[in-house]
Amino acid sequence: MKQSLTTGKGRVSSQACGYAHRVRIDLHTHSTESDGTESPAQVMESARAAGLDVVALTDHDRVAGWVPARARAVELGLGFLPGIEISCAINHASLHLLAYLIDPLHQELAAELDKARTSRETRAEAMVERLRADTGLTWPDVQAQFGAGTTIGRPHIADALVSIGAARDRGEAFGRYLYSGSKYHVSHYAVDPVRAVALVRAAGGVPVLAHPFAHVTGRVVADQTVESMVDAGLAGIEVDHRDQDETARAHARSYADRFGLIRTGSSDYHGTGKPNQLGENVTDAREFERILKEASDSSAAYLP
């Protein structure tokens, strides 16, 4: 049976796109515009090398990677979906919202993203100051880990700790210094998730809750929060993710069934920054088609 994908210009079959095999779609990746280790173009190259047919770039609170990523995807004949991962918090618990095909010029959403990025930098500087006495870490050490405009996060501090010999790798840096609750940890501003869903919808986008029951990372979203997000317009839920075991995935699937949510599966690829591999979890083409249909304007997506 043929699978089909929908673009702004109508339906095209996977065979018409030149796919003679099951379409492989990964909707959660990061570049050097946030906390990944590959440029947006390099992420597209890695996705093609991994045998993917469609990939989304979803940097934290930032859309600057869309243009170079899309351009490289077009050159490679790789399908591309523009997205972001929005940092959210409720009752002192953090969670992430993936948002696809938003209007990046929507004023309210853009203002929230700017506020989050500014807070991340202020928070990073405060954490470095706390770390300085015990590790010798300086802000220039951290600045050496990212380029201009990058959304700054704890992974950049981790890489700086590795660079000065205070940790072997990112994992040890987080385990020793950067975990939530450590004496070096500083919180940052994050939008309420219900408001974030509403803003994504207002910006024409498709909001999908990222790895909500990831016990491995400690970010387990309360059921009441998920239900409130659904009421605000949540479109989908990330089911298949390496940090969600089968019990967590079953719980996510139950929400998808109950509320008719789109089910996604993704790698959460960060290059060498995490062990996650492109395509280790994928999204069914029919679910991807639903994302395109939900968006106010899907023309920013590229399907060869």
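Which strands does helix 8 lie across, and at about what angle does helix 8 run to strand 6? Helix 8 (223-232) lies across strand 5, strand 6 and strand 7, and runs at about 30 degrees to strand 6. This is a predicted model, where local features need pLDDT of at least 70 and side-chain atom pairs count only at pLDDT 80 or more, while totals for chains, interfaces and linings use all residues. Residues are numbered from 1 along each chain as its sequence is written, and side-chain values use heavy atoms, with hydrogens and water left out. Helices (H or I, at least four residues) and strands (E, at least two) are DSSP runs, numbered from the N terminus.

**The sheet**
- Seven strands make an open sheet, 7 strands in the order 3-4-5-6-7-10-11, with mixed pairing; two strands pair if DSSP finds at least two bridges between them.
- Strand 3 (25-26) and strand 11 (262-265) sit at the edges with a single partner strand each, so one side of each has no neighbour in the sheet.
- Strand 6 runs antiparallel to strand 7 (residues 206-209), and 4 bridges join them.
- Opposite Tyr-100 you'll find Val-206 in strand 7.

**The cores**
- The largest nonpolar core (buried Ala, Val, Leu, Ile, Met, Phe, Trp, Tyr and Cys residues joined through side-chain atoms within 4.5 Å) has 30 residues. Buried here means under 20% relative accessible area, exposed over 50%, and partly exposed in between, with a 1.4 Å probe and protein chains only.
- Ile-86, Leu-97, Ile-102, Leu-234 and Ile-237 have the most contacts inside this core.
- Among the elements giving two or more residues to this core are strand 5 (79-90), strand 6 (93-100) and helix 3 (107-135).
- Another core, of 21 residues, lies apart from it and includes Val-54, Leu-81, Val-206 and Val-208.
- Leaving aside neighbours within four places in sequence, Ile-86 is in contact (heavy atoms within 4.5 Å) with residues including Asp-61, Leu-97, Leu-113 and Val-200.

**Helix pairs**
- The axes of helix 3 and helix 5 (residues 154-163) come within 10 Å and cross at roughly 25 degrees. Axes are lines fitted to C-alpha atoms, for helices over the stretch in contact, and angles run from 0 to 180 degrees between N-to-C directions.
- That makes helix 3 roughly parallel to helix 5, a label for angles under 35 degrees.
- Among the residues making this contact are Met-127 and Leu-131 of helix 3, plus Ile-157 and Leu-161 of helix 5.
- Helix 1 (residues 40-49) packs against helix 2 (residues 66-76) at an angle of about 35 degrees, with axes 7 Å apart.

Terms used. Parallel < 35°, antiparallel > 145°, perpendicular 65-115°, else oblique.
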